[in-house]
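I opened a new page for this one. These are my notes on what I looked up, in the order I got to it.

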Amino acid sequence: MFDYSYSQDEESAIERLKKWYSGDVHDSMEALGLWGFLEGISLFGTLAPGAVVVGPAVTVLFEPSDRKGEPQDVYHNAIDNAPAGSVMVVDAACADGSCSGELMSTGAKTAGLAATVVNSTVRDIAQVRELGYPLFGTHPSPVGITGKKEPKKSQVPVTFGKTTVKPGDIIFGDIDGVVAIPREHLIAVADQADHLGADEASARDRILDGEKLQAVWPV
């Protein structure tokens, strides 16, 4: 259910994307007529300076629920069975409450996930940062989910604003935000990012060598 099989070219594209940052990636998508920004999502956990997160999406969808007792069966199963290096992508925007904090992040990190991205609030920020886990969300809130919502489905499309994320799409996250790359466009986006990144690196070197910005950019 959670296993993904990528071609050699797709695996290479994922590795190549790790050289760049989210601005490069989204500019590359827009150059191809695509959109992948997860609006309103910010980093509240921890990433080393300059580090990025790149991995396949495992999705979970929450729905309103008045059940009590932290009923997170679907979410727990997704965390426990997600492939190492994947990114948990959770749409919990249906009601108030933080579905991810210290325990979910600890479980995710122990399971080998690269990050968790939540379309809702997150909590236990100090503890998550001490854990050293990249947790993304809309904003912090101490409010819990019990009696408000519960995870109902996994491995289904989830929507963040204008962007729909499907299981197996590639998630790219850094300190600036999160971008979702449709799997069918992965190689083209990586190719475009390599081209754009090379141009930017060349422009940066020329500026550092004393050339004026207007003479250098755009290339």
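My entries start with the ground rules and then go from the core to the salt bridges.

**Ground rules**

I'm working with a predicted model, where local features need pLDDT of at least 70, side-chain atom pairs count only at pLDDT 80 or more, and totals for chains, interfaces and linings use all residues. Residues are numbered from 1 along each chain as its sequence is written, and side-chain values use heavy atoms, with hydrogens and water left out.

**Entry 1: helix H3**

I began with H3, residues 73-81. Helices here are DSSP runs of H or I with at least four residues, strands are runs of E with at least two, and both are numbered from the N terminus. Which residues of H3 are buried? I found Tyr75, Ala78 and Ile79. They sit on the same side of H3, because they cover an arc of only 95° around the axis (the arc is taken from the directions from the helix axis to the C-beta atoms). I noted a general point alongside: an α-helix has 3.6 residues a turn, so residues three or four places apart point the same way.

Asp73 and Asp80 are exposed on the other side of H3. For the labels, buried means under 20% relative accessible area, exposed means over 50%, and partly exposed is in between, with a 1.4 Å probe and protein chains only.

Next I checked what covers the buried residues of H3. The cover includes strands S2 (53-64), S3 (87-91), S4 (115-118) and S6 (149-154), along with helix H4 (102-111).

**Entry 2: the core**

I looked up the largest nonpolar core and got 22 residues. Such a core is a set of buried Ala, Val, Leu, Ile, Met, Phe, Trp, Tyr and Cys residues joined through side-chain atoms within 4.5 Å. Val60, Phe62, Tyr75, Met88, Val90 and Cys99 have the most contacts inside this core. S2, H3, S3, H4 and helix H5 (125-131) each supply at least two of its residues.

I then picked Val90 and left aside its neighbours within four places in sequence. Its contacts (heavy atoms within 4.5 Å) are Val60, Phe62, Tyr75, Cys99, Val117, Val118, Asn119 and Phe160.

**Entry 3: the annotated site**

I checked UniProt, where an unreviewed entry lists Gly101, Glu102, Leu103, Met104 and Arg123 under "binding site". They span 23 residues in sequence, yet no two of their C-alpha atoms are more than 10.3 Å apart, so they gather at one spot. The same kind of annotation, again from an unreviewed entry, covers Asp124. UniProt positions are in the numbering used here, feature names are shortened, and annotations may be inferred rather than shown by experiment.

Is Met104 buried or exposed? I have Met104 in helix H4, and it counts as buried at 14% relative accessibility. Glu102 also lies in helix H4, but Glu102 is partly exposed at 35%.

Asp124 is in the loop between S4 and H5. Its phi is near 60°, a positive value in a residue other than glycine. In general, most residues other than glycine have a negative phi. A polar atom of the Asp124 side chain lies 2.9 Å from the backbone nitrogen of Glu102; I count N or O pairs within 3.5 Å as polar contacts, where one atom must be able to donate a hydrogen and the other to accept it, and residues adjacent in sequence count only if both atoms are side-chain atoms.

**Entry 4: Tyr4**

I went back to the segment before helix H1 (8-17), where Tyr4 sits. Its C-alpha atom is 9.1 Å from that of Pro167, a residue 163 places along the chain. The Tyr4 side chain reaches the backbone oxygen of Ala57 at 2.5 Å, and a polar atom of that side chain lies 3.5 Å from the backbone nitrogen of Gly168.

**Entry 5: salt bridges**

How many salt bridges does a search of the whole structure find? I got 12, where each needs a side-chain nitrogen of Lys or Arg within 4 Å of a carboxyl oxygen of Asp or Glu. In one of them, Glu10 pairs with Arg183, with the closest N and O atoms 3.0 Å apart. Glu10 lies in helix H1 and Arg183 in the loop between strand S10 (177-181) and helix H6 (186-208), so the pair ties together parts that are 173 residues apart in sequence. Glu10 is buried at 13%, while Arg183 is partly exposed at 27%.

My last lookup was a network of salt bridges that links Arg16, Lys19, Asp191 and Asp194.
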